[in-house]
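Reader: I'd like to walk through this one with you. Could you show me how to read its features, step by step?

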Amino acid sequence: MKVGDIVARQSHKQDLFFRIEQIMLVKGERVAILKGINLRLIADAPLHDLVEKNPTEVAHYQRKDDQDIYNKLRFVVNQRKYVQEAQDEFYEIPGRILHLDGDEDYLSQCIKTYQQLGLEAKGICISEAEQPKKIRHILQENPTDIVVLTGHDGFLKGKKDFRSLDSYRSSRHFVQSVLEARRFQPNRDALVIFAGACQSNYEAIISAGANFASSPKRTLIHAFDPVFIVERIAFTPIDRMVSLKEIIQHTVTGTDGLGGIETRGQLRKGYPRSPY
């Protein structure tokens, strides 16, 4: 096996597909660092635990995931179209989005999806560890209504304390990033924050000042879950609170992987609509 191969773990009944990012020698054993191909998860496994997946298996796995995402996107667009038709005399300015992501591939896919959904979004690829050091400067240079702080995370092998930040791969970085962002803008409605990735310490991230975060039950989240969360915020009128149950229903993962607090929408309406 080599870097770039798509594999699954025998010890986990081959439930998820990963791409091998790195192979290293750990205590005399060859171990692969794995990145989920559709989930925000970094994991490691000995090479002998891995099964290489052929192109047909990978295509089938991706096809199912693509269909799930397509269905979510269609629902979002159709729902928004119905609301817009009822208020056709107004024009809309949805909230702006700044997306910081530790994974360049996922960031590119998310930015493309934002654009498909008619959202103004800027993406910056920056590692989870660097996000706390640079978030305030980035916010100063890039005014925004909504900021996404994500990448990869995971509950570390051998750890048992779900509350300790030491038990997670990246949760401490997300917490520190949120704290820095809140020092820049304390108002949770003036700057809406989503933070976290797979299995992140949800309670700590929310306590730090995030509006929405992952993962209440320490489950995996989909790469596009942050997109579906902020789409609802960006297109909810500023004089209304986002429906918490509705916003979570828009996601792929649901309440096991995502949650949040009462938050004001970021959509501003204008009148009259110009014919030009």
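Author: Sure. Two strands pair if DSSP finds at least two bridges between them. Keep in mind that this is a predicted model.

Reader: In β5, what is the bridge partner of Val-7?

Author: Strands of a sheet pair through backbone hydrogen bonds, either parallel or antiparallel. Here, Val-7 has Glu-52 of β5 as its bridge partner. Strand β1 (residues 6-9) and β5 run antiparallel and are joined by 3 bridges.

Reader: What order do the strands of the open sheet have?

Author: The 5 strands go β4-β3-β2-β1-β5, with antiparallel pairing. At the edges sit β4 and β5 (50-52), each of which pairs on one side only. From one strand to the next, the twist averages 40 degrees.

Reader: Let's look at one edge strand. Is Pro-46 buried or exposed?

Author: The cut-off for buried is under 20% relative accessible area. Pro-46 has 18%, so it is buried. This proline lies in strand β4 (residues 42-46). Leaving out residues up to four places away in sequence, Pro-46 touches Glu-29, Arg-30 and Val-31. Pro-46 and Val-31 are 15 residues apart in sequence, yet 4.2 Å apart in space, C-alpha to C-alpha.

Reader: Now the helices. At roughly how many degrees do the axes of α2 and α6 cross?

Author: Angles under 35 degrees count as roughly parallel. The axes of α2 (residues 104-116) and α6 (residues 225-234) cross at roughly 30 degrees and come within 10 Å, so α2 is roughly parallel to α6. The crossing is right-handed. Cys-110, Thr-113 and Tyr-114 of α2 make the contact with Pro-226, Val-227 and Val-230 of α6. By type, that's 5 nonpolar residues, 1 polar and no charged.

Technical notes:
Residues are numbered from 1 along each chain as its sequence is written. This is a predicted model: local features need pLDDT of at least 70, side-chain atom pairs count only at pLDDT 80 or more; totals for chains, interfaces and linings use all residues. Side-chain values use heavy atoms; hydrogens and water are left out. Axes are lines fitted to C-alpha atoms, for helices over the stretch in contact, and angles run from 0 to 180 degrees between N-to-C directions. Helices (H or I, at least four residues) and strands (E, at least two) are DSSP runs, numbered from the N terminus. Angles under 35 degrees count as roughly parallel, over 145 as roughly antiparallel, 65 to 115 as roughly perpendicular and the rest as oblique. A crossing is left-handed if the near helix is turned anticlockwise from the far one by less than a right angle, and right-handed if clockwise. Contact means heavy atoms within 4.5 Å. Ala, Val, Leu, Ile, Met, Phe, Trp, Tyr, Cys and Pro count as nonpolar, Asp, Glu, Lys and Arg as charged, and the others, Gly among them, as polar. Buried means under 20% relative accessible area, exposed over 50%, partly exposed in between (1.4 Å probe, protein chains only).
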